[in-house]
Amino acid sequence: MPMIPMKEAPRGVAIAEPTVVEKDLDILLVGGGMGCCGAAVEVVAWANKFAPDLKILLVDKAALERSGAVAQGLSAINTYMGKNDADDYVRMVRTDLMHLVRDDLIFDLGRHVDDSVHLFEEWGLPVWVKKDGKNMDGAAAKAAGLSIRTGSDPVRSGRWQIMINGESYKCIVAEAAKNALGEDRIQERVFIVKLLLDKNQPNRIAGAVGFNLRENKVHIYKANAILVACGGAVNVYKPRSTGEGMGRAWYPVWNAGSTYTMCAQVGAEMTMMENRFVPARFKDGYGPVGAWFLLFKAKATNFKGEDYCVTNRAMLKPYEDRGYAKGNVIPTCLRNHMMLREMREGRGPIYMDTKSALLDAFATMSPAEQKHLEAEAWEDFLDMCVGQANLWAATNCAPEERGSEIMPTEPYLLGSHSGCCGIWVSGPDEAWVPEDYKVKADNGKVYNRMTTVNGLFTCADGVGASGHKFSSGSHAEGRMAGKQLVRWCVDHKDYKPEVAETADELKQLIYRPFANFEAGKGASTDAVVNPEYISPKNFMMRLIKCTDEYGGGCGTYYTCSAASLDTGFWLMGMMEEDSEKLAARDLHELLRCWENYHRLWTVRLHMQHIKFREESRYPGFYYRADFMAIDDAKWRCFVNSKYDPKTGETTLFKKPYYKIIPDA
């Protein structure tokens, strides 16, 4: 008797005709990561001082305690100034991102970020400190009454990184945000999918619409000011892991490009969307490598045991001649550039030599200290990537005895880690900031971290041309934006938002995938294979196949050309049409439908920027096969874009770069 194939079953809450809930606000915070948690604390503090009647709400599609990129925890805070200088911080970020960043935004962040780190410690985060030349972990430091707030030196794994016991890092930060807001000003499990412009004022944000993930409700918010900070974009390219492993990615899989798509769709100017991050991570497990490189001084080697950064040093000369690499300061993309050569020429696999790193560290330690260090080494993985333990077990690998394979991942789009794509925002309104870097609002004023749409702000992954914020910088930037949100509302206290769309029109738009399923479900005996609609999973498979093959994914060693990009745009044009036929059988699939629509918009914009920039600015992250060199004469500038909500056209253009902080 032939086997009957199992049909994919719906997994989420049953879907039905929704009710509409409308809410009038002054400030809407969209997102639940470090950025919005920082904004929440600052918004409440300044509102209590200057405008206590402001109606404030934070809306998160997840649960605040475990939302965002820090959800599982971290073993280090990667941006802490301490005794470092903010000018040097700018130089570091500028060097790593191939000399195209906003110096003003980075310097502004550098002078504020330590305040957030000190708050984390005050709220209960255990921070490692130095005592008598020895490392003390966070618990021991707290027991001894030592603190970086009172002058103790942190344990650094690199110049800008400090070690923490961070299993509950996000919980601690979220608790502070919840204490500031109160439960009645937080709404969890609501996914905002579209921003709304004002009906009467051009280029003015007026609201947002989303839906509840636990009950059939469409939520419409009208607001005076909105902060959008929903993370970067993951699963816009085909992951190296397939099948059940597709959920394994380096950046959190719930980052669907919503920040970029929603802001771009209302006309916010975007910048550096061609930039992407391709981290070298432990293969298949995607475990972190930072502490191993920095704290334990581990080396990455080819199959011969050679340090390929040494053997391939000559590859850097064209970039050193232009000032893009100096001594041991090698941009991340160029390190990838050298690794990819090893792989193309057959000298892979690439391994992290964990065994030698531990043995070298043990040489000057007592047995008790060795045991403690080894425990911290493995905890570094498990804080951030518990699946790495499963991989070691599945491959019979004892990492203290055998190196673990590392490999460049699929591309990610983000603005807070070692990437700088995102939205063009205003810098601080200070004399040293070029006027081109200041966004003038409708009243002629400048509001720090406001986009080119009046009343719309962003931070963290949302801010473009400004990378290396990481967790602490994202929180600090959220606080910076939060203060400006209150200032905006005070300056626009008489504004009454009015949106063009009716509540019924918005309800039908948000629940269109449910209507598609209901109308077409009779055309097939298999719910996920149907001529009348497309499932969100099948839609994403089509998208990542397209981007991997034609947009510079890992399947082509990150290489593309004008011709391949044009082929990708042709396929995406059909996907844009088919997006109107996305179908949802439950609320979980409705979530996936809208996430994948956001992914389509984001990665298409990414590829449009790559095509416009006719050079390979980030070798190792992507290559333009038809323009392999860096061309400073034509392209030492920002590439920006702007979508017109009325015409549906996207215009790309250059924007001048100004070096504010001089080279050392």
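What share of the contacts in the chain with a separation of 6 or more is accounted for by residues 24 or more positions apart? In this predicted model, such residues make up 77% of those contacts. The chain has 664 residues, and its radius of gyration of 24 Å agrees with the value near 26 Å that a compact globule would have. Its secondary structure consists of 21 helices and 23 strands.

**Overall dimensions and burial**

- The C-alpha trace of the chain extends over about 75 × 70 × 55 Å along its principal axes.
- Buried residues constitute 59% of the 664 residues of the chain.

**Surface and charge**

- The chain exposes an accessible surface of about 25700 Å², and carbon and sulfur atoms contribute 52% of it.
- The chain carries 81 positive and 86 negative charges, and the mean positions of the two sets lie 2 Å apart.

**Helix α3**

- Helix α3 spans residues 103-110, and because eight of its eight residues are buried, the helix is largely enclosed by the rest of the structure.
- The buried residues of α3 include the acidic residues Asp-103, Asp-104 and Asp-108.
- Leu-105, Ile-106, Phe-107, Leu-109 and Gly-110 are likewise buried in α3.
- The packing partners of these buried α3 residues are α2 (86-96), α4 (113-123) and α15 (470-491).

Key: Residues numbered from 1 in each chain as written. Predicted model: local features only at pLDDT ≥ 70, side-chain atom pairs only at ≥ 80, totals over all residues. Heavy atoms only, no water. Helix = DSSP H or I, 4+ residues; strand = E, 2+ residues; numbered from the N terminus. Rg over C-alpha atoms; globule rule 2.2 N^0.38 Å. Buried < 20%, exposed > 50% of the residue type's maximum accessible area, 1.4 Å probe, protein only. Contact = heavy atoms within 4.5 Å. Areas by Shrake-Rupley, 256 points an atom, 1.4 Å probe, with all protein chains shown as cover. Lys, Arg positive; Asp, Glu negative; His and termini not counted. Charge placed at Lys NZ, Arg CZ, Asp CG, Glu CD.
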